[in-house]
Amino acid sequence: MSDELVRPERNLALELVRTTEAAALAAARLMGRGDKIEADQAAVDAMRAVLDGVEMDGIVVIGEGEKDEAPMLYNGERIGNGEPPMTDIAVDPIDGTTLTAKGQAGAIAVIAVSERGTMFNPGPCVYMEKLAVGPSGAGIVDIRLPVDRNLTALAKAKRVSVEDLTAVVLDRPRHEELIAQIRGAGARIRLISDGDVAGAIATAMPNSGVDILFGIGGTPEGVITAAALKSMGGDFQGRLYARNDEERGQAIAEGYDLEAIMGLDDMITTENCFFAATGITTGDLLKGVTYTADGISTQSLVMRGRSGTVRLIDAHHRPEKLRNMDAVGYE
Ligand code: VTB
């Protein structure tokens, strides 16, 4: 094998969805048990096991953290069977560990993959200010503008009134002012306790009931969101956010620009990207894992940046067969 960059030409997302299904199946068994660490570990183990069989030479750019704290899916870990294509990987085996532990809406298992060297590495930057919209808002909203101007512009583009719009916001004290501004403008609000990946992507899904996401959330989640919104044709803008002087100093020392507005092409600098997510608990974006006498059902989203194809995949799993295959998480 030469070192020449082999680009991922096939639709990797169709294979990656098996990894998010595995993570969701493992996590869903632990729904409502009040233990988010246990649920996360189960999802990580299951996703990691399936990832080993995916034909790619991947490096985890966004993972569970540094090697010493994360036994698997740590930043820098090599993933896949080592064959080309060479890829960057962002994983969040559960976005919404607390939602899972409490059995609340909107937890998903998610992965994004792009051509090697194209994924933004957030390094020490934990948070970013975010603005996400679906295709009808692309080119219309601007994170630098006041909230009411963005809402007015989006309402006009969607041919509705501002009162008809629903904004998704993480329910955090830091958003008090933002929430007041959205209310002042007259829009409806869906406050979520976690899970801004699903919240942002839902803005681009027809009939999801949400139109725009505002607020400060995790930077890793932002990069993952970008892979999806690139495929869906929505827009996502971000600005890195430091919580204190120490974080600011560290980010600047490492060369990050805290003033810059980052767009979809800054977070993932190629169209050659892939996204897969599976619902753990039912939410605005996806149905959660459900159990019947006939087996287990999952619902997943599968996307490819270059083609812009978005697939919604309902899968039916047969635990009695999978158990014989030593598959992880299919109890
Ligand atoms: C969000 C959300 C995550 O973190 O990015 C959020 O998507 C941001 O951080 O599900 P805080 O919780 O510190 O506000 C999560 O809630 C958890 O990782």
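Which side chain has an N or O atom 2.7 Å from an oxygen atom of the ligand? Some notes on that and on the pocket, bearing in mind that this is a predicted model.

1. It's Arg-172: an N or O atom of the Arg-172 side chain lies 2.7 Å from a ligand oxygen. Tyr-127 also comes in through its side chain, with an N or O atom 2.4 Å from an oxygen of the ligand. Gly-218 works through its backbone instead, where a polar atom is 2.8 Å from a ligand oxygen. As for burial, the ligand has 400 Å² of accessible area on its own, and the protein covers 75% of that.

2. On to the neighbours. The shell around the ligand includes Asp-95, Asp-194, Asp-196 and Glu-221, along with Arg-172 and Arg-174. Gly-96, Gly-195, Gly-217 and Gly-218 are there too, as are Tyr-127 and Leu-170. Sorted by class, that's 6 charged, 4 polar and 2 nonpolar residues.

3. Where does the ligand sit? The ligand takes up the space of the largest pocket, which holds about 1200 Å³. Its lining runs to 42 residues, and Gly-63, Glu-64, Asp-92, Pro-220 and Glu-221 are the closest to the pocket centre. Glu-221 is also one of the residues around the ligand.

4. The lining draws on both helices and strands. Elements that each give at least two residues are α2 (36-51), β1 (57-62), β3 (86-95), α3 (97-102), β8 (212-218) and α7 (219-232). The largest share is from α2, with 5 residues. By class, the pocket lining has 17 nonpolar, 13 polar and 12 charged residues.

Definitions and conventions: Residues numbered from 1 in each chain as written. Predicted model: local features only at pLDDT ≥ 70, side-chain atom pairs only at ≥ 80, totals over all residues. Heavy atoms only, no water. Near = heavy atom within 4 Å. Polar contact = N/O pair within 3.5 Å; in protein donor to acceptor, adjacent residues only side chain to side chain. Areas by Shrake-Rupley, 256 points an atom, 1.4 Å probe, with all protein chains shown as cover. 1 Å grid on protein atoms, 1.4 Å probe; cavity = no way out; pocket = protein on both sides within 12 Å on 5 of 7 lines; lining within 4 Å. Sits in = over half its atoms within 2 Å of the grid points. Nonpolar A, V, L, I, M, F, W, Y, C, P; charged D, E, K, R; others polar. Points joined across faces, edges and corners; volume = space filled by probe spheres on them. Helix = DSSP H or I, 4+ residues; strand = E, 2+ residues; numbered from the N terminus.
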